[in-house]
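Please open the model in a viewer and keep the sequence panel beside it. The stops below are meant to be followed in order, one selection at a time.

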Amino acid sequence: MEVENLHKSYGDTNALNGVSFQVQEGEIFGLLGPNGAGKTTLLSIVSCLLEASAGQAQIHGQKVDLDNKGLRRQIGIVPQELALYDELSGRENLRFFGQLYGITGTQLEQRIQQILVAVGLDDRADRRVATFSGGMKRRLNLGAAMVHEPRLLLMDEPTTGVDPQSRNHIFEEIRRLNRGGTTVVYTSHYMEEVQALCPRVGILDHGRLIACDQVPQLLRRQDSLIRFRVPTVSSTLRSRLQEIPESRLVEADSRPLEIVCRDVKPTLAQLLAILAELKLEVLSLETEEPNLERVFLGLTGSALRD
Amino acid sequence: MVIWTLAKKDLRLLLGDRRAVVILLAMPVLFILVLGVALGKDQLRISIVDLDKGEYFQSGGFPPQKWSQMFIHDLKQTAPDIEVEILSLEQARQKIDTRKRAAVLVFGPDFSRKMSECSFLEEGINPFNRNGVNLSLLDAELLRDETQGTAAAIIEQAAQVTLLRIILPWMIGRAFEKVGDPAFLDLLAKEKEIPGVVKSFLSSPLVSDKQKSALGAALQNALQGLFSKYNLTGKTWETLTQPKSAARTVSQGSGASAVNDTAASDEGSSFLNRGDLRYQSLVPSYTVMFAFFLVLTVGWLFVAERRQGTLKRLRAAPLSRTQILLGKMVPCFLLSLGQGFFLLAAGKLVFDMKLGHQPFWLAAVVVATSAAAMGLSLLVASMARTEAQVAIYGTLLVLVLAGISGCLMGDPELMPERMKLLSRFTPHAWAMDAYSQLLLRPEPNLLLVAQACGVLILFGAGFVALAWWVLRLD
């Protein structure tokens with residue numbers, strides 16, 4: 001999937017402002033951003049639901065446009081909101097969506113059964129969706145997007161309001177699909193999810209792609225933090241701490257003391273050695289390694305969930 | 001194939017929706033039931049106070065009873081739908097004062113005497129005026145509740161027509177008798193313009209009264225021969241209006257000559273008044289009105305598709321806008337057809353409505369009405385974004401259209417002419433035209449039925465075109 005200088009405006013509001021990036025076939029790509037960043041708009045454009053104001057997108061070499069039925073067959077979309085018929089059973093929902101893509105007969109029934117097993121709903125398949133829990137509906141929502149075996153799966157915050165067990169189910173299924181060759185674009189404002197699932201991530205804010213890289217590369221943009229408390233802070237201690245390489249002591253009036261460093265492990269080893277040497281008792285100690293939340297904070301100056 | 005997939009799904013959802021079943025099937029039957037029972041027997045009531053002392057003279061054994069009774073007898077014979085109620089004067093005034101009766105006809109004590117004196121001769125009472133019969137000259141009056149002008153006017157006209165029907169034959173019969181009277185020949189002889197020979201003959205002492213009577217009878221016969229379509233000696237409307245030779249034969253069958261072999265009997269039976277004529281209007285009226293309640297059901301289905309997010313999935317699937325719209329049209333249409341046939345069947349089975357002799361055309365009207373209802377439903381569904389909008393705009397639209405068309409009243413014929421003209425802009429009125437031809441007329445005008453079906457289909461096509469234009473799937 002290739003997105004090039006994509007713009008989308010609603011009146012005076014620019015939902016997307018020159019977004020460009022590529023997703024390779026077979027990749028799980030995460031699109032991270034706060035609510036209103038433009039993630040859903042971007043997915044709507046690449047899934048042929050919405051026309052871009054400017055720029056273009058291509059999927060498998062085909063230009064994305066509203067009338068490209070052939071391309072639609074290759075795309076599966078998991079909308080942010082549950083998109084299921086409550087009055088139909090799980091199996092009937094899957095059958096209906098499968099038939100829309102022209103799958104019929106034994107092939108369809110086999111595919112439905114595979115999906116029901118994959119999302120852990122084979123024992124509830126013939127019950128009305130209205131009786132499902134939120135997590136079960138989310139899993140079926142994913143299943144409905146997979147029934148026609150798409151080459152590209154676009155997932156718009158698919159775990160909103162989902163219990164941990166269902167989330168794990170969904171993650172397992174995404175990884176399994178990906179191993180089978182499906183390309184996945186996964187949007188979320190939960191950085192933990194994206195970090196756990198996606199080797200490569202784009203960060204979107206106010207319609208702009210402010211970063212796009214492998215997760216380790218993104219994390220490297222941020223320092224780690226060691227926060228500790230000792231009974232007394234002497235000038236000797238201060239001078240010894242300042243000698244630790246690739247680190248810096250944050251001077252602050254308040255306690256505890258904080259050391260910012262590139263790499264926690266060697267810095268922590270040296271810190272503990274100094275404290276032992278000065279025979280200082282450690283009252284408390286904690287470390288804070290870089291994560292996407294802090295990367296986002298560093299890039300935008302605001303927290304991701306704002 | 002994809003259209004049928006979409007249609008099947010919607011049909012499944014619609015049929016599983018209890019709200020839809022109640023609105024589309026149960027409510028119209030309930031409305032017909034309630035109105036059918038609540039409207040009571042479909043009769044006009046004429047209340048009469050009879051103070052007539054019955055002082056009258058008979059001419060050739062006529063009248064056989066006092067004139068007020070002659071009036072009541074004629075009324076009952078010629079209009080069996082009219083209920084005659086006899087009240088005392090006190091009761092009549094009380095009912096008028098309390099608005100329980102719009103008008104009461106009072107025959108005074110001298111009514112029979114005055115009737116006896118009615119004649120075309122100079123010395124007789126001429127009861128006629130510009131408006132019909134001058135009641136005050138006959139010692140009769142109409143007590144009226146001025147707040148119920150229309151109903152009082154209907155009663156007055158029914159009374160006037162009946163009075164004319166009893167007075168005119170009586171006066172004509174008496175005048176015809178005079179022609180045969182020797183005294184009439186004496187009067188004739190005095191006429192200046194009569195030729196001398198005739199005058200000499202009529203006034204000759206050699207011509208006996210017997211000969212004059214024979215001449216009078218001959219004159220009567222000649223006149224009767226000249227007006228052979230009338231029985232000039234008949235003193236009732238029934239005998240006056242029949243040829244003398246055929247009077248007996250025709251009078252025996254006259255009461256039943258207007259029997260309508262298609263329309264239901266006008267006298268229902270049982271609590272429901274099954275088979276009553278009113279169901280021939282009530283059932284189609286509510287069938288048409290509730291056909292358009294499809295607007296609500298389909299609107300809610302559309303809105304639910306948006307709310308559930310499934311519309312997004314449909315748009316993401318390899319479907320065209322036309323396929324999605326057709327996928328919605330087919331189930332709407334099938335549901336409406338099912339509803340139409342169900343209500344007509346219920347009309348037949350529950351209310352004993354007569355279905356007429358044109359089942360093909362009846363089916364055609366159901367199909368055409370469903371086309372119009374489907375179109376309007378799609379239009380409303382295309383415009384509404386929320387369930388509340390569907391409920392408010394849909395209900396308003398359906399009730400206003402039903403009101404304009406007269407369906408709401410259960411019989412469009414009750415509407416004033418201006419409203420009837422306005423109703424031409426509603427599909428309901430055309431559907432009712434067709435139904436009224438097929439269910440009320442013994443020989444329906446099929447050209448009118450076909451025309452109405454055509455207009456309904458045009459309405460449907462127009463609504464669908466508008467729906468296509470305003471429909472936004474995003």
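Begin in chain B by selecting helix H12 (residues 279-291) and helix H19 (residues 427-440), whose axes come within 10 Å and cross at roughly 150°. The model is a predicted one, and the angle here is a computed value. Angles over 145 degrees count as roughly antiparallel, and H12(B) and H19(B) are therefore roughly antiparallel to each other. The handedness of the crossing of H12(B) and H19(B) is right-handed.

Next, display the side chains at this crossing. From H12(B), the contact uses Gln280(B), Pro284(B), Ser285(B), Val288(B) and Met289(B). H19(B) contributes His428(B), Ala431(B), Met432(B), Tyr435(B), Leu439(B) and Leu440(B). Coloured by class, the contact of H12(B) with H19(B) shows eight nonpolar and three polar residues, with no charged ones.

Now select Trp361(B), which is placed in helix H16 (residues 359-383) of chain B. Is Trp361(B) buried or exposed? Trp361(B) is partly exposed, because 19 other C-beta atoms lie within 10 Å, whereas a buried residue needs 20 or more. Add Leu438(B), Leu446(B) and Val449(B), the residues in contact with Trp361(B) once its neighbours within four places in sequence are left aside. A distance label between the C-alpha atoms of Trp361(B) and Val449(B) should read 7.5 Å, although these two residues are 88 apart along the chain.

The next selection is strand E3 (residues 103-107) of chain B. Five of its five residues are buried, so E3(B) is largely enclosed by the rest of the structure. Ala103(B), Leu105(B) and Phe107(B) point one way from the strand, while Val104(B) and Val106(B) point the other way.

Which strands pair with E3(B)? Strand E1 (residues 44-50) of chain B runs parallel to E3(B) and is joined to it by four bridges. Strand E6 (residues 140-144) of chain B pairs with E3(B) in the antiparallel sense, over five bridges. Centre the view on Leu105(B): Ile48(B) stands opposite Leu105(B), and Leu105(B) also stands opposite Leu142(B) in E6(B).

Move to chain A and show its strands as a cartoon. An open sheet of four strands appears in the order E2-E1-E4-E5, with antiparallel pairing. Strand E2 (13-22) and strand E5 (62-63) of chain A stand at the edges; each has a single partner strand, so one side of each is left without a neighbour in the sheet. Strand E1 (residues 2-10) of chain A is joined to E2(A) by seven bridges, and the two run antiparallel. To find one such pairing, select Lys8(A), whose bridge partner in E2(A) is Leu16(A).

With the sheet still in view, add helix H1 (residues 39-46) of chain A. This helix packs on the sheet and touches E1, E2 and strand E4 (54-59) of chain A. The direction of H1(A) makes about 115° with that of E1(A).

Finally, show both chains together and select the contact between them, which takes 16 residues from chain B and 20 residues from chain A. On the side of chain B that touches chain A, the elements giving two or more residues are helix H1 (2-15) and helix H14 (310-316) of chain B. The largest share of that side, five residues, comes from H14(B). By class, the residues of chain B on this side divide into six nonpolar, five polar and five charged.

Terms used
Residues numbered from 1 in each chain as written. Chains lettered and ligands numbered in written order. Predicted model: local features only at pLDDT ≥ 70, side-chain atom pairs only at ≥ 80, totals over all residues. Contact = placed C-beta atoms within 7 Å. Nonpolar A, V, L, I, M, F, W, Y, C, P; charged D, E, K, R; others polar. Axes fitted to C-alpha atoms, helices over the stretch in contact; angles between N-to-C directions. Parallel < 35°, antiparallel > 145°, perpendicular 65-115°, else oblique. Left-handed = near helix turned anticlockwise from the far one by under 90°. Pairing = 2+ DSSP bridges. Buried ≥ 20, exposed ≤ 12 C-beta atoms within 10 Å, placed from the backbone.
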